[in-house]
Amino acid sequence: MVTDTISDMLTRIRNANMVKHQIVQIPVTKMSLAIASILKEEGYIEDFEQYEEGKNKYLLISLKYKGKSREPVITTIKRVSKPGLRVYSGSKNLPQVLGDLGIAVVSTSRGVMTNLKAKELGIGGEILCYIW
């Protein structure tokens, strides 16, 4: 039983990237689906799909690498807001990740989105993670 599913997802992606796995398997939650769709939109992963194995549902994420040396596209992935310490930000104080070269995933009242989209819409929320 995992209490923090977002940290579990990010750790699985980070570990798979380090050993250059092509696919990583993650238990499905609404939040993991939202984060995976953002990662695909922003070009950090190739693709993802859901599959069922018995009663359990899983998300298969195909990781993206560049060049012949297979350098991972995701160099760093950090959890910001944790169950013990939530981190919120208003629309005017949303973080810039590496001068907008990376993204911050933000959970807002209008759904999960990147910091750039949230700033464009003028809404703040909980900062889930940084990715670059």
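How many bridges pair β8 with β10, and in which sense? The two strands pair in the antiparallel sense over five bridges. The model is predicted, with an average pLDDT of 96 for the protein and 99% of the residues scoring at least 70. Confidence is lowest in strand β5 (residues 71-72), where the mean is 94, and highest in strand β7 (residues 88-89), at 98.

**Strand β8 and its partners**

Strand β8 covers residues 103-108, and five of its six residues are buried, so β8 is largely enclosed by the rest of the structure. Within the pairing of β8 with β10, Val105 has Cys129 in β10 as its bridge partner. β8 also pairs with strand β9 (residues 111-114), again in the antiparallel sense, over four bridges. There, Ser107 has Val112 in β9 as its bridge partner. The connection from β8 to β9 is a hairpin of two residues.

**The three-stranded sheet**

Strands pair through backbone hydrogen bonds, in either a parallel or an antiparallel arrangement. An open sheet of three strands follows the order β1-β3-β2, and its pairing is antiparallel. β1 (23-27) and β2 (45-53) are the edge strands; each has a single partner strand, so one side of each has no neighbour in the sheet. From one strand to the next, the twist averages 25°.

β1 and β3 run antiparallel and are joined by five bridges. One residue pair in this arrangement is Ile23 with its bridge partner Ser62 in β3. Two helices accompany the sheet. Helix α1 (residues 5-18) lies across β1 and β3 and runs at about 165° to β1. Helix α2 (residues 30-41) packs on the sheet and touches β1, β2 and β3, with its direction at about 155° to that of β2.

**Ser62**

Ser62 belongs to strand β3 (residues 56-63). Its relative accessible area is 18%, so Ser62 counts as buried, the cut-off being under 20%. The Ser62 side chain makes a polar contact with the side chain of Gln22 at 3.5 Å. Not counting residues up to four places away in sequence, Ser62 touches Gln22, Ile45, Glu46 and Asp47.

**Trp132 and two residues with positive phi**

Trp132 lies in the segment after β10 (125-131). Leaving aside neighbours within four places in sequence, the contacts of Trp132 are Tyr44, Val73, Ile74, Thr75, Thr76, Lys78, Val97, Leu98 and Gly102. Trp132 and Leu85, 47 residues apart in sequence, are separated by 22 Å in space, C-alpha to C-alpha.

Leu98, one of the residues in contact with Trp132, lies in the loop between β7 and β8. Most residues other than glycine have a negative phi. Leu98 is not a glycine, yet has a positive phi of about 50°. Arg70, also not a glycine, has a positive phi of about 55°. Arg70 is found in the loop between β4 (65-66) and β5.

The table gives the accessibility of three residues discussed above.

| Residue | Relative accessible area | Class |
|---|---|---|
| Trp132 | 25% | partly exposed |
| Arg70 | 31% | partly exposed |
| Leu98 | 47% | partly exposed |

What class does Leu98 fall into at 47% relative accessibility? Leu98 counts as partly exposed, because that class lies between the buried limit of under 20% and the exposed limit of over 50%.

How values were computed: Residues numbered from 1 in each chain as written. Predicted model: local features only at pLDDT ≥ 70, side-chain atom pairs only at ≥ 80, totals over all residues. Heavy atoms only, no water. Buried < 20%, exposed > 50% of the residue type's maximum accessible area, 1.4 Å probe, protein only. Polar contact = N/O pair within 3.5 Å; in protein donor to acceptor, adjacent residues only side chain to side chain. Contact = heavy atoms within 4.5 Å. Pairing = 2+ DSSP bridges. Axes fitted to C-alpha atoms, helices over the stretch in contact; angles between N-to-C directions. pLDDT = per-residue confidence, 0-100.
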